[in-house]
Amino acid sequence: MTDRRDWQMAFLKQARSDWEAYQRTRQAVWPHCHRLHFLQMATEKLGKALLIGGHSKLKDVTHSHSAFVKFMHIASNNYGLQSKLKMAKLQLKADFSRLLPRAYDIEHLAPALAQDGPNPEYPWLDKSGQIYVPVDYSFPLTNSLQSHQGIKLLKYIEYSLMAFEKLFLS
Amino acid sequence: MSQNHQNLESVVERIVHEHFELEENLEKVLWIRSRATPEICLLEVNSDTFATGMVQSFYFPPSDEVPYPLILAEVTPEEWQKILKNEIELPEGWSLENHQAFEREAVSA
C-alpha cells in the first residue's frame, strides 16, 4: 500500500514544477491568466503536500481545491518556520493572518471555487451578460501581488516549497 | 536621452514613490539598471519583511499601470548589508555597478 509520505512527496514535486513554470513564464506575450494558473496550481499542491500528512481522508484532500488557505493556517503555527526565519510565534501568526486575503484570492482562481466568476482557465458570464475570456482579462490579483504584502506572500510560498522537507516533514 | 528612456525613468519614479507612500517600513529602493533589456528591476530594503539569506525576485508582466516587465525583490536591512559585503548574491544578471538608489527622505521631499 502506498504510504502517505509518498503522496506528500508526489504533490510537493509537482508543486515545485508548477512554481518553476510560474517563475519562468516571463515573456511579455504570455497573458496574465497563464501565470496565475501556474501560481494557483503550485499553491494548491503545496497545500495538499502538507494536508496529506494530517488525519483527513486522502481522497478528501486530493479531490478538493481548497488547500492553500488551510496550508496558511497550519504553517502559521509551524515551529520550524518560526525558528528558521527567527520570528516569534505571534509575529509569524500575525504575518500570515495579514496575507490570508491574498491567499484566498489565489485559491479562488480555481474554476470550481470561482463560482462562475473570474478564473484563469475558462470563459465566464458576468452579471451584465457579457462573456469574459481569461486571456483578455486584467486580473486585479496581478497588481495586488506587486505590493509589499504580495511579495511577502510569494516569498513565503517559495521558501516553503524550497525548505518543505525540513519545515514540515522532519 | 530617448523618449522611451524618459518614460522608463518616470515609470520607475512613480512606482518608487507609490511604494514609499504605502509602506512605512520601506527604507530604500535600488533600481538595478545593469540589464540590457527594458525590464525594471527593483530591490527594496524593508524592515517589515523576513530574512531568508537570499534575494528572492518575482517577475510581473507589463500591465496598463506598469508598461514594462517588472521584477521585484525585498530584503531586510541586515540582508542589504550582507549584499554590500558580497555575503548574499544578487539574482542572475543583477549588479550594483549601475544602479540608482532612492531614499525615503529624498523621495518624500
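## Exercises: the sheet of chain B and its neighbour, chain A

Strand 1 of chain B, residues 26-32, is joined to strand 5 of chain B by 5 bridges, running antiparallel. Keep in mind as you work that this is a predicted model.

**Exercise 1.** Find the residue of strand 5 of chain B that stands opposite B:Lys28.

*Solution.* Start from the pair of strands just introduced, strand 1 and strand 5 of chain B, which are antiparallel. Now look across from B:Lys28: the residue facing it in strand 5 is B:Glu103.

**Exercise 2.** Work out the strand order of the open sheet in chain B, and explain why one side of strand 3 and one side of strand 5 have no neighbour in the sheet.

*Solution.* First, lay out the 5 strands: the order is 3-4-2-1-5, and the pairing is mixed. Next, look at the two ends of that order. Strand 3 (57-60) and strand 5 (99-103) of chain B are the edge strands, and each has a single partner strand, so one of its sides is left without a neighbour in the sheet. Finally, add the twist, which averages 20° from one strand to the next.

**Exercise 3.** Identify which helix of chain A packs on this sheet, and which strands it touches.

*Solution.* The helix to pick is helix 9 of chain A, residues 148-162. Then follow its contacts in chain B: strand 2 (40-46), strand 3 and strand 4 (70-75). For the orientation, compare the helix with strand 4 of chain B; their directions make about 80°.

**Exercise 4.** Describe the contact between the two chains, and the side that chain A brings to it.

*Solution.* Begin with the head count: 20 residues of chain A and 21 residues of chain B take part. On the chain A side, helix 2 (32-51), helix 8 (140-144) and helix 9 each supply at least two residues. Helix 9 gives the largest share, with 7 residues. Last comes the chemistry: the chain A side divides into 7 nonpolar, 8 polar and 5 charged residues.

**Exercise 5.** Decide how the radius of gyration of chain A agrees with that of a compact globule, and describe the fold around it.

*Solution.* Take the elements first: chain A has 10 helices and 2 strands. In sequence order they read α-α-α-α-α-α-α-β-β-α-α-α. For 170 residues, a compact globule would have a radius of gyration near 15 Å, and chain A, at 16 Å, agrees with this. Its C-alpha trace spans about 50 × 40 × 30 Å along the principal axes. To finish, 38% of the residues in chain A are buried.

Notes
Residues are numbered from 1 along each chain as its sequence is written. Chains are lettered from A and ligands numbered from 1 in the order in which they are written. This is a predicted model: local features need pLDDT of at least 70, side-chain atom pairs count only at pLDDT 80 or more; totals for chains, interfaces and linings use all residues. Two strands pair if DSSP finds at least two bridges between them. Helices (H or I, at least four residues) and strands (E, at least two) are DSSP runs, numbered from the N terminus. Axes are lines fitted to C-alpha atoms, for helices over the stretch in contact, and angles run from 0 to 180 degrees between N-to-C directions. Two residues are in contact if their C-beta atoms, placed from the backbone, lie within 7 Å. Ala, Val, Leu, Ile, Met, Phe, Trp, Tyr, Cys and Pro count as nonpolar, Asp, Glu, Lys and Arg as charged, and the others, Gly among them, as polar. The radius of gyration is taken over C-alpha atoms; the globule rule is 2.2 Å times the number of residues to the power 0.38. A residue is buried if 20 or more other C-beta atoms lie within 10 Å of its own, exposed if 12 or fewer, and partly exposed in between; C-beta atoms are placed from the backbone.
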